[in-house]
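Colleague: Could you take me closely through one part of this model, the nonpolar interior, and then set beside it whatever else is enclosed?

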Amino acid sequence: MVSEGTVLLKNENNVLPLRSPANITMFGIGGVSPIYAGASGGGVVKNQDQIVPFTKVLDEAGFTVNPTVHNWYVKTGIPASCMFTGTDFSGNTTTKGPWDNEANEVATRNTGVTEADASAAFANWKDSYASYGDAAIVMLCRYEGEGSDLPEGSLAISTEEQALIDEAKANFDKVVIIVNSSAAIEIDSLKQDPDIDAILWVSELGTHGAYGLVDVLDGTVTPSGHLPDTYAVDSTSSPAAQNSGDFTFTNAESEGLDNFGSHYLVQAENIYLGYRYYETRYEDAVLGQGNASSETGSFASNGDWDYASEVSYGFGYGLSYTTFSQTLDSVKVDKNAQTVTVKATVTNTGDVAGKDVVQVYAQSPYTDYDKQNGVEKSAVQLMGFGKTDTLEPGSSQTVEVAMDMKYLASYDRTGAKTYILDAGDYYFAIGNGAHEALNNILAAKGKTTADGMTADGRADLTSVWHNDSLDTTSFAVGYDDVTPITNEFDDADYNTYAPDTITYLSRSDWAGTWSEAYSSLEATADMLPWLKAEQYEAGDSDTSSIATGSTETQYSLIQLRGADYDDQLWDDLLNQITLDEMASLLTDACEHTNPVLSVSYQGSLDKDGPIGYDATFNTDTSKPYYIDASASDEVKNYNFASLSTEPTLAASFNLELANERGNVNGEDSLWSGYTENWAPGANLHRTPYSGRNYEYFSEDSMLSNLMAVEITRGTQAKGAVTGIKHFAGNDQETNRNGVSTFYNEQGLRELQLRAFEGAFVPDEGNAHGTMTSFSRIGVQQAAYCESLLTTVLRDEWGFDGYTITDFAFNNLMYPYASLTAGTDAFDNMISDFSAINANALNGDLKLKDAAREATHRILYTYVNSNAMNGVSSGTQIVHVTPWWKMAVQVSTVVFGIGTAACLLMFAVTMMKRKKEEQ
């Protein structure tokens, strides 16, 4: 996986691959211990003994690493494998890692830049260089973790890193940089530096990914990865960067808002995220339209906006050790079938075997109608891709890429209030990344470098399809061909509450609509109720129309395996379930579902996360899949959270590989006994500073969409359940718990929601689970945003699985509002959700109906999963409270008694003090 997802960005004089045997010098902490995983959350390697150290793999491949330099790092406290200190939700240390030795000279690896100041050691190293001078490799690492974002400025090359680079340049003929990071580091100086021979990018490696990286280094594998993000010259130059980070309502304190309701974020960039901004502004600058060349709101050189001064390496870019040619054979647009099919032939024109990717991009016309109605169009957008097999020199392969036209449609929030296809010319182009594809489109429009293009394009790699008239109906209904798709998120726009406050970026006037930070917004009177307390209106108190605890039938859940969701038998089975069972199933769902004895459901075990199940092999001989208890400790303790992170997979641009990764998840589900995997993460890399980018694929919604589809298919083929997270909009960690995120509807639908859509739609990914976001859609927390969880997810997309909150807080994911809006279960460990109980359900028809439907969804999901493997209609389920749960209950009671005693003592002390004062 890592070998396919490693991206070659620069390779002057074919310095790479490095032929072994070779004697090399590794500079930087990462040379001893690269970033193997994230710092916390679902992307953490849980068993450090599984990590195969980078230096060990180099040695096995015939690379002898300079021991003088290597040993300096080791003696300074750098271990060969990376595990990190983490904290639980109470702030207690949960994982003791090797990077916490502050007594040593090296900096503690926290988030952001961490590099040892080795300058004082250079003099002692120099004598060793001659014996290990075949090449110098400098590792640049950035480390991310859940719960916080990288500090601004941490993506620039640090003083310590630059010193290592300068030392390598001064003493070695061959200098290779390895960028080991999910965050897009600012590396333009390295791109421009003639003394830097090669640059490789790779995300976090996982436990065994060092093998893939070394395979690329030594040429065993020819690199075929392409960047999943734009590498900007300045990471703060994007419009999204202007409105990311920490923003607090000006009246938060005066209105008594707690931390869950005090913070906000404005996504004023509209659809212009990542390459959609840089490439669109580039085309407008070439075409001389939209005030695109103005320096306003950008970091331009010589007073004009200049693409080369903005972007180091564009989205989708990647080199190889060989060369390829591509021809665009055909583009077939079938509007009736709503498909676009591209065929391209790839030929290996170089000297070594390798793989190549056919990337298909589209451009929609930007019309007068769009300008009048505020419909924005990216100059280029990824539509689909296909990867070749390994091609020997001289051989060719024709790649077919089939795409759904619905992803070509644009959302019109003010005119038609649905998805539209404009009248006009649609361009389809292939190329090595978004920028090359756009240059090919510009060439088809007759433009050259004389017009300001960075390079001449190839018109023959472009095809044009003409749409005769504005189409406002073809994409205006949902998956069922009935549900209308129309505005659902007007309330997510701050302008709904305070008109004309937010200006969303528009290509009609780049300078005039560029938004600096919206740092002084107020929570209006209409917003405050949602930010302060649960907004819920009870239903009818007569709930007798819904039967519970019935003994008229005695179905076992397993009998409904394979039954349609609307099968009449479900009504009878749900009638058997008691209200207490419903309440328990819905509110106690942290990494499991509870048994439902009335229908002989045994419950399930579920786990994080995006690098694999945080689980080990099952040794229970009563289960269908298990390993013998006599297996070695190494086998029994093997943790399945071992894969490389999602950006590496995204960079592979290989859908078959994504499906295989899903199959690995499915196999691990069977062997561990854990059914649902809360993965993949499909949120976007809105900025490179997000602390959780290692759990998400890309800045691009379609790359994320297509990868999530294939992982879902592969995982669920084994009976496991894919729970895609965090639905939706969790694209920064700062103030993530309850941050009010404001969008306009086009931006929300075409970016954040499109990244998830394919994974949920039944004839695409057909995922059966999802975990919602900590953040809010506007002022409505995701768990109780009915437009998100019911209208879009179920009605428009046809999702028939179940939803669960992220780690649940009852004063953020309000119980009644969430349950009735479409939340089915609460990922609850420490909060009190006892408000959902038998009495409450029995006295509120709306609540009872929602609880029954949530129960239906959960049981429908699990009866059709591997959680029911080995269960027959005669299986008897007996409920036993596990020791750990009893311990938690006892400790909770003890803690409660202790707290009450402390409060009583405090009250007595205060009374005595008052008497003394009198």
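**The nonpolar core and other buried parts**

Modeller: In this predicted model, the largest nonpolar core has 99 residues, of which Phe489, Phe727, Leu753, Phe756, Phe760, Leu788 and Trp797 touch the most other members. Helix 22 (residues 745–760) gives this core its largest share, 7 residues. Leucine 753 shows how the parts are joined, since, leaving aside its neighbours within four places in sequence, leucine 753 is in contact with Phe489, Phe727, Ala728, Leu748, Leu788, Val792 and Trp797. Apart from this core lies another, of 43 residues, among them Tyr565, Trp678, Ala851 and Leu859. As a general background, nonpolar side chains in soluble globular proteins tend to be buried together.

Burial can also be followed along a single element, helix 13 (residues 434–444), where 9 of the 11 residues are buried, so that the helix is largely enclosed by the rest of the structure. Those buried residues are Ala434, His435, Ala437, Leu438, Asn439, Asn440, Ile441, Leu442 and Ala443, and they pack against helix 10 (275–287), helix 11 (307–310), strand 15 (357–363), strand 20 (424–430) and strand 21 (462–467). Following helix 13 comes glycine 446, with a positive phi near 90°.

A loop residue completes the view: asparagine 251, placed between helix 9 (239–242) and strand 11 (264–266), has a relative accessible area of 8% and therefore counts as buried, the cut-off being under 20%. Not counting residues up to four places away in sequence, asparagine 251 touches Glu522 and Ala523.

Terms used
Residues numbered from 1 in each chain as written. Predicted model: local features only at pLDDT ≥ 70, side-chain atom pairs only at ≥ 80, totals over all residues. Heavy atoms only, no water. Helix = DSSP H or I, 4+ residues; strand = E, 2+ residues; numbered from the N terminus. Buried < 20%, exposed > 50% of the residue type's maximum accessible area, 1.4 Å probe, protein only. Contact = heavy atoms within 4.5 Å. Core = buried A, V, L, I, M, F, W, Y, C linked by side-chain atoms within 4.5 Å.
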